[in-house]
Amino acid sequence: MSKSKKQAKISLVLVVYQNIFNVTAMFAQKTTHLGTAFKQYFKIVPALTKELKHEAHYIRHSVYCEDLGYEPTQPDKFELDEYDAYALHLLIHSIKQNTFIGCVRIITPPTDDPNWLLPFEKACGNTLNRSIIDPEKLPRKQIAEVSRLAVLSSFRRRKGEANSPINLSENDLDPALTPRFPYIPLGLYYGTVELAHLYNIKVLFLLTEERLATHFNKLGIQIKFIGSPVNHRGLRFPSMVDVNKTIDNIRPLFRPLYRAIAEDIQAGLEEKSQQDAGTPQS
């Protein structure tokens, strides 16, 4: 091989390696960006005090009662039901607007008695495919139901989103489109998974729209249908999320985002623990 051909081959190899380096660096920058960008704009807050739970109830009233008319309006502007006494609550806080803009809750059975049913078990008792999973055969302390996921209207006012308590569309799924990337719904769902993990909940159940489940699955939230749909504020599928499997299978692109959200939740739990113990915050 002539000297000029050798040099050309070496140059080609160097170009290939440089391209690989550039792609790797760009990927690393993107994966870091999702976590840092989230922290610039939002914070996930466990609602562990009466005051924070009231924030969640207020958001729910704004969305479920005033915007969508799913529930009757209340004079105190709080939306509550009998399951809130057995629920863990999460909020998402807008850093720039310094206000809470969304919420979700995890209903946990207060007893090992399988006769105490979660809401989805009552609504879907005849449509569940119990060959996939049978909630009645699982330890009640290891299951829970996700519900009352809601985001204030000013943060979901794009075309077609006004009649849904939360927004997510096909165009939101590219992390390169930073302004559109669905930090709010994904933050609430990742926060739900992490909080469930910390409370040793293994399986989360929920009623969900097919469209929303499809979009979340593309983002790595593995929502599995476990029965035929029911008419509950529109057509909803009984579904499940395996908490540990979801955490283990988070795509590398989204891991920094999940870590940022997990840090928020752990910080909130530690702060409440210190307050309960009377320990000054560092």
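# Exercises on a predicted model

Leucine 195 has its place in helix α4. The model is predicted, and the exercises below start from this residue.

## Exercise 1. Leucine 195

Task: decide whether leucine 195 is buried or exposed, and state which residues it contacts beyond its neighbours within four places in sequence.

Solution.
1. The relative accessibility of leucine 195 is 2%.
2. Buried means under 20% relative accessible area, so leucine 195 counts as buried at its 2%.
3. Leaving aside neighbours within four places in sequence, the contacts of leucine 195 are Leu88, Leu90, Ile106 and Ile265.
4. Glutamine 266 is 71 residues from leucine 195 in sequence, yet the two C-alpha atoms are 8.7 Å apart.

## Exercise 2. The packing of α4 and α7

Task: find how helix α4 and helix α7 pack, and which residues of α4 meet which residues of α7.

Solution.
1. Helix α4 covers residues 183-198 and helix α7 covers residues 255-277.
2. Their axes are 9 Å apart, and the packing angle is about 55°.
3. Because of this angle, α4 is oblique to α7.
4. The crossing in which α4 passes α7 is right-handed.
5. On the α4 side, the residues that meet α7 are Tyr183, Leu186, Gly187, Tyr190, Gly191, Val193, Glu194, Leu195 and Leu198. On the α7 side, they are Leu257, Tyr258, Ile261, Ala262, Ile265, Gln266 and Leu269.
6. Sorted by class, this contact of α4 with α7 has 12 nonpolar, 3 polar and 1 charged residues.

## Exercise 3. Helix α7 and what follows it

Task: compare the span of α7 with the expected span, list its buried residues, and describe the phi of the glycine that follows it.

Solution.
1. α7 has 23 residues.
2. The expected span is 1.5 Å times one less than the number of residues, and for α7 this gives 33 Å.
3. From the first C-alpha to the last, α7 reaches 32 Å, which is close to the expected value.
4. The buried residues of α7 are Pro256, Leu257, Tyr258, Ala260, Ile261, Ala262, Asp264, Ile265 and Gly268.
5. Glycine 278 follows α7, and its phi is positive, near 75°.

## Exercise 4. Positive phi outside glycine

Task: describe the phi, the location and the exposure of lysine 77 and of asparagine 98.

Solution.
1. Start from the general rule: most residues other than glycine have a negative phi.
2. Lysine 77 is not a glycine, but its phi is positive, about 65°.
3. Lysine 77 is found in the loop between α2 (50-67) and β2 (87-94).
4. At 38% relative accessibility, lysine 77 counts as partly exposed.
5. Asparagine 98 also is a residue other than glycine with a positive phi, near 50°.
6. The loop between β2 and β3 (99-107) holds asparagine 98.
7. Exposed means over 50% relative accessible area, so asparagine 98 counts as exposed at 61%.

## Exercise 5. Three more residues

Task: for alanine 56, glutamine 142 and asparagine 217, give the location, the exposure class and the contacts, not counting residues up to four places away in sequence.

Solution.
1. Alanine 56 lies in helix α2. It is buried, with a relative accessible area of 1%.
2. Alanine 56 touches Leu91 and Cys103. Its C-alpha is 9.5 Å from that of isoleucine 92, a residue 36 places away in sequence.
3. Glutamine 142 is in the loop between α3 (119-123) and β4 (143-151). At 28% relative accessibility, glutamine 142 counts as partly exposed.
4. Glutamine 142 touches Asn200, Ile201, Lys202 and Val203. The C-alpha atoms of glutamine 142 and aspartate 112 are 9.9 Å apart, with their positions 30 residues apart along the chain.
5. Asparagine 217 is in helix α5 (residues 210-218). With a relative accessible area of 31%, asparagine 217 is partly exposed.
6. Asparagine 217 touches Gln222, Ile223 and Arg251.

## Exercise 6. The whole protein

Task: state how many helices and strands the protein has, what part of its residues is buried, and what part of its contacts joins residues 24 or more positions apart.

Solution.
1. The protein has 7 helices and 8 strands.
2. Of its 282 residues, 45% count as buried.
3. Among contacts with a separation of 6 or more, 70% are between residues 24 or more positions apart.

Notes. Residues numbered from 1 in each chain as written. Predicted model: local features only at pLDDT ≥ 70, side-chain atom pairs only at ≥ 80, totals over all residues. Heavy atoms only, no water. Axes fitted to C-alpha atoms, helices over the stretch in contact; angles between N-to-C directions. Helix = DSSP H or I, 4+ residues; strand = E, 2+ residues; numbered from the N terminus. Parallel < 35°, antiparallel > 145°, perpendicular 65-115°, else oblique. Left-handed = near helix turned anticlockwise from the far one by under 90°. Contact = heavy atoms within 4.5 Å. Nonpolar A, V, L, I, M, F, W, Y, C, P; charged D, E, K, R; others polar. Buried < 20%, exposed > 50% of the residue type's maximum accessible area, 1.4 Å probe, protein only.
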